[in-house]
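Good morning, everyone, and thank you for making time for this. Please have the sequence and the 3D view open, and turn the view as I talk.

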Amino acid sequence: MRPPSPGRQFGLHPTDAPAARFGALGSFVEIWRSKWSEGRLPSWSTFDFYDFRGWHGWMHIDEAISDAPFEMRCRLWGSELVDRLGIDETGKLLSDSPAMAERNLIQFYQDILATPAIGTNSGFVTSYGRASEWSVVKLPCPGHGTERDVILSCSIQGIALTFPPEDLLEGRSV
């Protein structure tokens with residue numbers, strides 16, 4: 001279990017966690033689930049631009065580009081995120097992101113892909129030089145093959161979801 005980030009809650013949830021658990025982001029999780037086939041995570045290539053109607057400005061997509069050291073590149077950073085955070089991360093490396101101020105972010109991303117798990121982070125964000133509440137849901141996907149190497153994410157500002165320990169993979173007894 002990773003230590004919590006000050007003011008933020010990072011969590012891993014089972015991939016079959018109820019979509020309602022994710023509040024306003026639940027419908028985004030449902031879009032991802034609608035593309036599952038035979039119990040397998042949806043490949044990024046199964047999605048269509050129109051699947052995400054209403055979410056486009058809030059989406060961000062990261063793709064793993066190396067394992068050692070672990071690195072991801074942002075393939076898409078929505079226009080609402082640019083407007084509200086003051087930065088466009090499209091095309092940039094995770095290692096260059098202001099989000100790297102968060103403790104254990106690399107391990108969090110690795111856990112989402114390797115487990116696989118639905119990742120969430122919520123709480124007060126200051127890493128982009130602006131302070132406000134955010135909730136983010138991060139969904140693992142295979143990119144163009146079968147390996148999980150894409151994280152499909154959606155954010156919402158003004159809401160900080162909270163999750164009791166029993167809803168998190170880290171909080172369950174093994």
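I will go through the sheet, then the helices that pack on it, and then some of the salt bridges.

Before anything else, please keep in mind that this is a predicted model. The mean pLDDT of the protein chain is 89, and 94% of its residues reach 70 or more. Residues 1–5 deserve some care, since their pLDDT is below 50, and this stretch has 13 contacts in the model beyond near neighbours in sequence.

Let us begin with the sheet, which is open and is built from six strands that pair in an antiparallel way, and if you read across it the order is β1-β4-β5-β6-β2-β3. What stands at the edges of this sheet? The edge positions belong to β1, residues 8–13, and β3, residues 70–77, and each of these has a single partner strand, so one side of each is left without a neighbour in the sheet. From one strand to the next, the twist averages 20°.

Now look at one pairing inside the sheet, where β2, covering residues 59–67, runs antiparallel to β6 and is joined to it by five bridges. Glu63 takes part here, and its bridge partner in β6 is Val150. Please remember Glu63, as I will come back to this residue.

Two helices pack on the sheet, and I will take them in turn. Helix α1, residues 26–34, touches β2, β4, β5 and β6, and its direction makes about 5° with that of β5. Helix α3, residues 105–114, touches β1, β2, β3, β4, β5 and β6, and its direction makes about 115° with that of β6.

That brings me to the charged side chains. As a general point, side chains of opposite charge can pair when their charged atoms come close. How many salt bridges does the structure hold? There are six salt bridges, and I will describe some of them.

In one of them, Glu102 pairs with Arg8, and the closest N and O atoms are 2.7 Å apart. This pair links distant parts of the chain, with Glu102 in the loop between α2 and α3 and Arg8 in strand β1, 94 residues apart. Are these two residues buried or exposed? Glu102 counts as buried because its relative accessibility is 10%, under the 20% cut-off, and Arg8 counts as buried too, at 9%.

In another, the side chains of Arg21 and Asp167 meet at 3.4 Å, N to O. Arg21 lies in the loop between β1 and α1, whereas Asp167 lies in the segment after β6, so this salt bridge ties together parts that are 146 residues apart in sequence. Both residues are buried, with Asp167 at a relative accessible area of 19%. Leaving aside residues up to four places away in sequence, Asp167 touches Leu12, His13, Pro14 and Arg21.

Finally, as promised, we return to Glu63, which forms a salt bridge with Arg75, the closest N and O atoms being 2.8 Å apart. Here the pair links strand β2, which holds Glu63, with strand β3, which holds Arg75, and the two residues are twelve residues apart. Glu63 is buried, with a relative accessible area of 17%, whereas Arg75 is partly exposed, at 42%.

To close, Glu63 is a good residue to find in your own view, with its bridge partner Val150 in β6 and its salt bridge to Arg75. Thank you for listening.

Methods: Residues are numbered from 1 along each chain as its sequence is written. This is a predicted model: local features need pLDDT of at least 70, side-chain atom pairs count only at pLDDT 80 or more; totals for chains, interfaces and linings use all residues. Side-chain values use heavy atoms; hydrogens and water are left out. Buried means under 20% relative accessible area, exposed over 50%, partly exposed in between (1.4 Å probe, protein chains only). Contact means heavy atoms within 4.5 Å. Two strands pair if DSSP finds at least two bridges between them. Helices (H or I, at least four residues) and strands (E, at least two) are DSSP runs, numbered from the N terminus. Axes are lines fitted to C-alpha atoms, for helices over the stretch in contact, and angles run from 0 to 180 degrees between N-to-C directions. A salt bridge is a side-chain nitrogen of Lys or Arg within 4 Å of a carboxyl oxygen of Asp or Glu. pLDDT is the predictor's confidence in each residue, from 0 to 100.
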